[in-house]
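Subject: Structure for you to look over

Hi,

Here is the structure I promised to pass on. Please open it first, then read my notes below.

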Amino acid sequence: MRVILLQDIKNLGKKNTIVEVKDGYGINYLIKNKLAVQATDNSMLKLDETLKELNEIDQQKRSEATKLKEQIEKINLSFSLKTNRGNVFGSISTKEIIETLKQKHNIVIDKYMIQHDEKKLLLGVHFLQLHLYKDVIAKLKININEEK
């Protein structure tokens, strides 16, 4: 029996995919619990429409993320930290970076988008990776100087 999955099901398939299952499993479990529908001509047409809509939404989000990436990669954020005889007091947090982007550049990002290996951002030039959408990754340049 061929069914169209309405949800992701472990070891079977992802949502909106067509899978082949045994009749009893399909009727008594998947269809009964509204996890799938039988793959008829009508349901296949609905699936095609749904996949087209999802593809359009995906393309729109990808283009928005690409535009945002171009904006972000033009930005060079500068911060300053207090130092005394070579010792640095404090560091720059992701919260400060997010607030600066929001206030100075009107760019709103989520803290989960920021990826960096260093635990603390100290003096020097740093590049942070921002995961904007699936495979769209922007590099944000941050320059941290001594406060004078």
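Which residues of the largest nonpolar core touch the most other members? They are Leu77, Ile97, Leu101, Leu130, Leu140 and Ile142, in a core of 23 residues. Bear in mind that this is a predicted model.

Several elements feed that core. Helix H2 (41-74) and helix H3 (94-105) each supply at least two residues. So do strand S4 (76-84), strand S7 (124-133) and strand S8 (136-146). S8 gives the most, with five residues.

Ile142 is a good place to start looking. Leaving out residues up to four places away in sequence, Ile142 touches Leu77, Phe79 and Ile97. Its other contacts on that count are Gly124, Val125, His126 and Leu128.

Another core lies apart from the largest one. This second core has nine residues, including Met1, Val19, Val21 and Leu30.

Next, H2. What span should its 34 residues give at 1.5 Å a residue? The expected value is 50 Å, and the end C-alpha atoms are 50 Å apart, so the two agree. Ser43, Leu47, Asp58, Ala65 and Ile72 are buried in H2. Note the polar names there: Ser43 and Asp58 are both buried. The cover over the buried residues of H2 includes S1, S2, strand S3 (36-38), S7 and S8.

Asn16 is also worth a look. It sits in the loop between strand S1 (2-5) and strand S2 (18-20). Is Asn16 buried or exposed? Asn16 counts as buried because its relative accessibility is 18%, and the cut-off for buried is under 20%. Beyond its neighbours within four places in sequence, Asn16 is in contact with Ile4, Leu5, Leu47, Thr50, Leu51 and Leu54. One of these, Leu47, is among the buried residues of H2.

Last, the aromatics. How many aromatic pairs does a search of the whole structure find? It finds one. Tyr25 and Tyr29 form that pair, and it is stacked. The ring centres are 5.5 Å apart, with 15 degrees between the planes. Both residues lie in helix H1 (residues 23-31), four residues apart, about one turn of the helix. An α-helix has 3.6 residues a turn, so residues three or four places apart point the same way. Tyr25 counts as partly exposed, at 35% relative accessibility. Tyr29 also counts as partly exposed, at 38%.

Over to you.

Best wishes

Note on methods:
Residues numbered from 1 in each chain as written. Predicted model: local features only at pLDDT ≥ 70, side-chain atom pairs only at ≥ 80, totals over all residues. Heavy atoms only, no water. Buried < 20%, exposed > 50% of the residue type's maximum accessible area, 1.4 Å probe, protein only. Contact = heavy atoms within 4.5 Å. Core = buried A, V, L, I, M, F, W, Y, C linked by side-chain atoms within 4.5 Å. Expected span 1.5 Å × (residues − 1). Phe/Tyr/Trp six-rings, centres within 6.5 Å; stacked < 30°, edge-to-face > 60°.
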